[in-house]
Amino acid sequence: MADHIDDIDPLPAGTLALQTIAMPADANWNGDIFGGWLVSQMDLAGAVTARRAARGRIATVAIDSMAFLRPVPVGAVISCYTQLLDIGRTSMKIQVEVWISDHNSNQAKVTEGIFTFVAIDGTGHTRPVPKASAN
């Protein structure tokens, strides 16, 4: 991990939606955290924001872009920040940034992506996102 705050992105964008610790069971043979585990954490964080905006059930329908910037070591605190970028009739685009910090509070952005969620009803069909969700 970097010994300083990332020079390009000095602060996370958005609101903290999820925080956890990278555990040994989530690591590959090199001791770095699997990218798939990180994507699942991002999906959960995005879902927190999408569910709040949709005021109910949601589903992930796409990951529009994704970039892994550096490896994540075991033991790092993973913080997922989300920002609602756009609300359509039934869908929401949410930017998710993942930052890590170590025991010295050093921070670094490790990945980012844009996730698309749709609001769904009890039968799994799309439904409109409430208009006041932009707040």
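**View 1. The aromatic pair, Phe 115 with Phe 117.** This predicted model holds 1 aromatic pair. The ring centres of Phe 115 and Phe 117 sit 6.4 Å apart and the ring planes make an angle of 20°, so we call the pair stacked. That label follows because planes under 30 degrees apart count as stacked. As for solvent, Phe 115 and Phe 117 are both buried.

**View 2. The sheet and the helix that packs on it.** Here 5 strands make an open sheet, ordered 1-3-4-5-2, with antiparallel pairing. Strand 1 (15-21) and strand 2 (58-68) are the edge strands, each with a pairing partner on one side only. Going from one strand to the next, the twist averages 25°. Helix 1 (residues 35-54) packs on this sheet and touches strand 1, strand 2, strand 3, strand 4 and strand 5 (107-119). The direction of helix 1 makes about 50° with that of strand 5.

**View 3. Strand 3 alongside strand 4.** Strand 3 (residues 77-87) and strand 4 (residues 91-101) run antiparallel, and 10 bridges join them. Look for Asp 86, which stands opposite Lys 93 of strand 4.

**View 4. Asp 64 and Lys 93, a salt bridge between strands.** The count of salt bridges in the model comes to 3, and one of them brings the side chains of Asp 64 and Lys 93 together at 2.4 Å, N to O. Asp 64 belongs to strand 2 and Lys 93 to strand 4, so this contact links distant parts of the chain, 29 residues apart. How accessible are these partners? Asp 64 has a relative accessible area of 39%, which makes it partly exposed. Lys 93 is partly exposed as well, at 33% relative accessibility.

**View 5. A salt-bridge network through Lys 109.** The side chain of Lys 109 meets that of Glu 97 in a salt bridge of 3.6 Å, N to O. With Glu 97 in strand 4 and Lys 109 in strand 5, the pair ties together parts that are 12 residues apart in sequence. Lys 109 also meets the side chain of Glu 112 in a salt bridge, this time at 2.8 Å, N to O. Shared partners put Glu 97, Lys 109 and Glu 112 into one network. Which members of it are buried, and which partly exposed? Glu 97 counts as buried at 4% relative accessibility, and Lys 109 is buried too, at 2%. Glu 112, with a relative accessible area of 27%, is partly exposed.

Methods:
Residues are numbered from 1 along each chain as its sequence is written. This is a predicted model: local features need pLDDT of at least 70, side-chain atom pairs count only at pLDDT 80 or more; totals for chains, interfaces and linings use all residues. Side-chain values use heavy atoms; hydrogens and water are left out. Two strands pair if DSSP finds at least two bridges between them. Helices (H or I, at least four residues) and strands (E, at least two) are DSSP runs, numbered from the N terminus. Axes are lines fitted to C-alpha atoms, for helices over the stretch in contact, and angles run from 0 to 180 degrees between N-to-C directions. Contact means heavy atoms within 4.5 Å. Rings of Phe, Tyr and Trp (its six-membered ring) pair if their centres lie within 6.5 Å; planes under 30 degrees apart count as stacked, over 60 as edge-to-face and the rest as tilted. Buried means under 20% relative accessible area, exposed over 50%, partly exposed in between (1.4 Å probe, protein chains only). A salt bridge is a side-chain nitrogen of Lys or Arg within 4 Å of a carboxyl oxygen of Asp or Glu.
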